[in-house]
Amino acid sequence: MTAVAILAAGRGTRMKSDYPKVLHSLGGRSLVERALNSCELINPSRFLVIVGYQADLVKQALSHLDGIEFVEQSEQLGTGHAIQTLLPILGDFNEDLLVLNGDVPLLRPETIKELLTTHKQHQNAATLLTAHLPNPKGYGRVFCDVQNQVTQIVEDKDCNAAQKQNHRINAGIYCFNWAKLANVLPKLTANNSQQEYYLTEVFSYLDGVMAQDIADYLEIIGINDRKQLAAAYDILQKRVKDAWMSAGVTMVAPDTSTIDDTVELQADVIIEPQTHLRGNTSIGAGSRIGPGTLIENSQIGENVSVLYSVISDSIIESNSRIGPYAHLRGEAKVGAGCRVGNFVELKKTTIGQKTNVAHLTYLGDATVGEQVNVGAGTITANYDGVKKHPTTIGDRSKIGSNSVLVAPVNLGEDVTVAAGSVVTEDVADDSLVIARSRQTVKPGWRLNPE
Ligand code: UD1
Ligand code: CA
């Protein structure tokens, strides 16, 4: 079986960043994780990630993935030097090694699989992915003989004027017969403009190297600076949105919205302008999201509408209406057929079905039953300055406007709270609670200015 090595030890100077380049995020996932994910169809025998610059940060960022072996390249002396660190680790391994640059995030898993198939069919010493780029600046140029065998790769910085005219570039994705590669790795020199040990120098020593052109060159874009990072995001977004539109999702103004590739949508979802869907989010059939909405890591049921709102780590069941201007900021669970209206904030709060929280309300650490009406301006005072406390409100209760429920407090079923109450003690089922001072009127009273 094939082993995989991902090059992730470089600093990425051109990013001008304190963080390793491969940890920069592209649509919610780091560049290196995307490179790793592009191997999902090949089931490698070993998964080696070569780390160096801020190695601990890179290891930590990948710690949620199983089966990765980290290899330290203590000094970053070039991509060839990085692969040389595998010599003692792979030893006399007698299969193929797939090498990927950690900064090539848009490869499709199918492309990697095809590369491997070609490599095995032709029993090549090495097979590499190449592309014809309209603007090849920054990439190594691939030179072949008449039999289309690779003879040499020359880095952009080392190209003379004539070599720069060659637009066929090296994608930084290679499959090697390990034994043959291991044989020539010790020959690398740092005889080039950057005085680094280039992996690409091995092609001057290997025979039987095939270049496989890629149909869609956008797949192999390498990220060296922030402009390329933004360009890759555009490519990724176009891919994701085109796929959802083909699957029956309406996007009213696709260029104004963004959708992470981890999001799941059903047919007949309508994405209105300026809508951003992130992380582990799913939206049920017939729901209308936006305009002006951000939803992260949340599950939205069918036929829900969300207008100008922000929702994180929450669940909304079917037929509910959210917004405009609602903020569900974590662990909110809204039942079916509810209304959560303008300037309502929910945190760690569960709301039963057909309950309305229509205006100007904060519910935190609360459990609200079914068919409850929470009046405008209701606040759960859940924080005593040290600890958070819970509030419960039973089914069919009605909370009068501008009430404060001072937690911990439990209101039973069918309770009515008079407007403007400050409720500090539990209330039994079927009760009216009035917790405010009586109105006083003094007839014939007038302020007497001296
Ligand atoms: C490399 C290729 C170039 C190719 C391009 C494709 C070389 C010499 N050149 O150039 O032919 O067209 O990729 O994107 O290989 N890294 C290490 N250790 C090091 C140096 C780099 O692990 O000592 C890692 C980096 O973290 C990065 C990857 O190797 O993920 C590529 O390095 P980078 O410096 O970006 O290479 P390029 O100049 O883009
Ligand atoms: Ca690069």
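How much accessible surface does the protein chain have, and what percentage of it belongs to carbon and sulfur atoms? The accessible surface comes to about 21,400 Å², and 48% of it belongs to carbon and sulfur atoms. Keep in mind throughout the tour that this is a predicted model.

**The whole chain**

Begin with the protein chain in a cartoon view, where the secondary structure comes to eight helices and 39 strands. The radius of gyration is 30 Å, well over the 22 Å that the globule rule gives for 450 residues, so the chain is more spread out than a compact globule. If you align the view to the principal axes, the C-alpha atoms fill a box of roughly 105 × 55 × 45 Å. Colouring by accessibility should bring out that 50% of the 450 residues count as buried, while a contact map, restricted to pairs at least 6 apart in sequence, has 39% of its contacts joining residues at least 24 apart. For a view by charge, select the 40 positive and 50 negative side chains, and note that the centres of the two sets lie 6 Å apart.

**The calcium ion**

Next select ligand 2, the calcium ion, together with its protein donors, which are Asp103 through OD and Asn224 through OD1, at 2.3 to 2.4 Å from the ion. Asp103 sits in the loop between strand E6 (96–101) and helix H5 (109–122), and Asn224 in the loop between strand E11 (209–213) and helix H8 (226–246), so the pair ties together parts of the chain that are 121 residues apart in sequence. Both Asp103 and Asn224 are buried.

**Two cis peptide bonds**

Now turn to the backbone and select Gly290 and Pro291, which are joined by a cis peptide bond with omega about 0 degrees; Pro291 belongs to the loop between strand E18 (288–289) and strand E19 (293–296). A further selection, Ala407 and Pro408, shows a peptide bond that is also cis, with omega near 0 degrees, and here Pro408 lies in the loop between strand E35 (404–406) and strand E36 (409–411). Such bonds merit a look because most peptide bonds are trans.

With Ala407 still selected, add Asp384, which is 23 residues away in sequence and 8.3 Å away in space, C-alpha to C-alpha. Asp384 is in the loop between strand E32 (379–381) and strand E33 (391–393), and with a relative accessible area of 48% Asp384 is partly exposed.

**Two positive phi values**

Which phi value does Phe343 have? Its phi is positive, about 55 degrees, although Phe343 is not a glycine, and the residue is placed within strand E27 (residues 339–347). Phe343 counts as exposed, at 52% relative accessibility. Then move to Lys354, where phi is near 55 degrees, again a positive value in a residue other than glycine. Lys354 is found in the loop between strand E28 (349–351) and strand E29 (356–364), and its relative accessible area of 55% makes it exposed. As background, most residues other than glycine have a negative phi.

**A last stop at Asp429**

Finish by selecting Asp429, in the loop between strand E38 (422–423) and strand E39 (432–433), which counts as partly exposed at 44% relative accessibility. Leaving aside neighbours within four places in sequence, Asp429 is in contact with Gly412, Glu413 and Val415. Adding Ser397 gives a distance to check, since the C-alpha atoms of Asp429 and Ser397 are separated by 9.0 Å, with their positions 32 residues apart along the chain.

Conventions
Residues numbered from 1 in each chain as written. Chains lettered and ligands numbered in written order. Predicted model: local features only at pLDDT ≥ 70, side-chain atom pairs only at ≥ 80, totals over all residues. Heavy atoms only, no water. Helix = DSSP H or I, 4+ residues; strand = E, 2+ residues; numbered from the N terminus. Rg over C-alpha atoms; globule rule 2.2 N^0.38 Å. Buried < 20%, exposed > 50% of the residue type's maximum accessible area, 1.4 Å probe, protein only. Contact = heavy atoms within 4.5 Å. Areas by Shrake-Rupley, 256 points an atom, 1.4 Å probe, with all protein chains shown as cover. Lys, Arg positive; Asp, Glu negative; His and termini not counted. Charge placed at Lys NZ, Arg CZ, Asp CG, Glu CD. Donors = N, O, S within 2.8 Å, 3.2 Å for Na, K, Ca; no water.
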